[in-house]
Amino acid sequence: MEKMKIFFGLVLSLLFVSPSAFLLNDRRLGASTFPSLQAEKLIRQLNLFPKEDVNLVDGRQSAPLLAGTGKRIVEKRINLLRESGGGVSVEDLGHHAGYYKLPHSHDAKMFYFFFESRNSKKDPVVIWLTGGPGCSSELAVFYENGPFSIADNMSLVWNEHGWDKASNLLYVDQPTGTGFSYTSDKRDIRHNENGVSNDLYDFLQAFFEEHPKLAENDFYITGESYAGHYIPAFAARVHNGNKAKEGIHINLKGFAIGNGLTDPGVQYKAYPDYALDMGIINKSQYNRISKIIPVCELAIKLCGTDGTLSCLASYFVCNSVFSSIIAIAGDINYYDIRKKCVGSLCYDFSNMEKFLNDKSVREAIGVGDIEFVSCSPTVYQAMLVDWMRNLEVGIPGLLEDGVKLLVYAGEYDLICNWLGNSRWVHAMEWSGQKDFVASPEIPFEVDGSEAGVLKTNGPLSFLKVHDSGHMVPMDQPKAALAMLRRWMEGSLSEVPAGSGKLVAEM
Ligand SMILES: *[C@@H]1O[C@H](CO)[C@@H](O)[C@H](O)[C@H]1NC(C)=O
Ligand SMILES: *[C@@H]1O[C@H](CO)[C@@H](O)[C@H](O)[C@H]1NC(C)=O
């Protein structure tokens, strides 16, 4: 009863804030509101300072790549190594930048990079989605698993462990307003996974129409963090499209979520447990913070899978769990608890903004005067009603139809920690649940040393990655590429000879 009272008190106080004003006019509400503070903190911690907070352009403005073509999708060959002035001169890298006019929008244009495999055109097509919500996938291109990274002198150098060594690799800036993706109409800003997954599906159809040979290859969806929401929704959208014989058949073989937020009910409850286990909080602090959990769980229940105002309410209620831990932890980097945030910055990704704001780079990729919005507070806030929704619910149907799922998590990430991810994966009800739960944990070995702990059965795998924070391909690039390769080949669980030992319970 007491928790009902607290909860409805919170909901009532929220009702006085009109949700539409709240969602779209963050400027009017000012930076003192909690979500915009959260969004700004997120962006500052990555040392990003986008000039605009969302990519809304004047209606007359469009990226040069699209201008006057009348085409729905326009793609251009690029050589970023040359633009950066540092790289070797390679004739044809098979690198492309493109724009796609989203059909189910008023005026939205989606930006993407497409890097052909360095290995074979027959390699699977892999799409990567960065989270936020509202952060550009270029973060992954230049700091995680793209073909190259940015050296201190601002020139690009090949990434030995880029995922383009095993796949034809796509990075999309989405939802609309993020990265180089833009619109002139703010009605195109998305608020839920329906909008997000339909846009991605439309894009994929157009992409495969442009590249019919690639449509014959296997296809995998990957990504990180808030993409723990996007990925299951997108996978289900593709699978449903295939079943309904909509458009081009897409050879969806699997989807992989890295340090994601997928089932908030389970994952928010895991925050105090993880924080206690890792010595971030002590037992009395744990007991105090845990009192919020039942209220948070109730709030999430009211949000369900498609609420709106109740979902917003649950965001506020549940995030007090996280913010209470952070208040105790102080200047900890919540993407990697081994690290401190120096100043207000946890990471320094500013070279990406510098690089993508360079005039010759902009000309090369066809974006002209379109701003690069590395992380968009407006997109972040627009997606708050989506935050607490449970995206686990669509996954069993995919597993039953043989679509593979890999959930992996760097062990030192707090914000989307491995414990919460492991719990929802184990709790998920599907025909293989019992067998999965009963499966042994085996070492995931890369070059003879244990890079993680793996549990796998049938189409479902869970991998806890050692010595890594939130961004696994950045912290453990070699292990991340091995993981992708072996997962796609179906050999993830093959224990290299001579190392059959079991490891302790996670
Ligand atoms: C920039 O740094 C990279 C990596 O350290 C190096 O390989 C390259 O030669 C440097 N380029 C220039 C122009 O100094
Ligand atoms: C937990 O930490 C707080 C703040 O440092 C301290 O006051 C409290 O006594 C500690 N409790 C336990 C059980 O260690």
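Start at ligand 2 in this predicted model, where the surrounding shell holds three polar residues and one charged residue but no nonpolar ones. To see that shell, select Asn282, Lys283, Ser284 and Gln285, the residues that surround ligand 2.

Next, select isoleucine 281, and then isoleucine 325, which is 44 residues away from isoleucine 281 in sequence, although the two C-alpha atoms are 7.1 Å apart in space. Colour residues 309-329 as well, since they form helix α12, the helix in which isoleucine 325 lies. Isoleucine 325 counts as buried because it has 22 C-beta neighbours inside 10 Å, and the cut-off for that label is 20 or more. If you set aside residues within four places in sequence, the contacts of isoleucine 325 to display are Tyr271, Pro272, Ala275, Ile280, Ile281 and Ile289.

From there, widen the view to the largest nonpolar core, a set of 162 residues in which Leu170 and Ala235 have the most contacts inside the core. Helix α12 gives the largest share of this core, with nine residues. If you now colour domain 1 (35-44 + 268-329) and domain 2 (73-82 + 90-264 + 344-489) separately, you can follow how both give residues to this core, which therefore lies between them.

Finish by centring on leucine 170, whose contacts, not counting residues up to four places away in sequence, are Tyr112, Phe114, Val125, Val126, Ile127 and Trp128.

Terms used. Residues are numbered from 1 along each chain as its sequence is written. Chains are lettered from A and ligands numbered from 1 in the order in which they are written. This is a predicted model: local features need pLDDT of at least 70, side-chain atom pairs count only at pLDDT 80 or more; totals for chains, interfaces and linings use all residues. Helices (H or I, at least four residues) and strands (E, at least two) are DSSP runs, numbered from the N terminus. A residue is buried if 20 or more other C-beta atoms lie within 10 Å of its own, exposed if 12 or fewer, and partly exposed in between; C-beta atoms are placed from the backbone. Two residues are in contact if their C-beta atoms, placed from the backbone, lie within 7 Å. A nonpolar core is a set of buried Ala, Val, Leu, Ile, Met, Phe, Trp, Tyr and Cys residues joined through C-beta atoms within 7 Å. Domain bounds come from an automatic or database domain assignment. A residue is near a molecule or strand if its C-beta atom, placed from the backbone, lies within 6 Å of it. Ala, Val, Leu, Ile, Met, Phe, Trp, Tyr, Cys and Pro count as nonpolar, Asp, Glu, Lys and Arg as charged, and the others, Gly among them, as polar.
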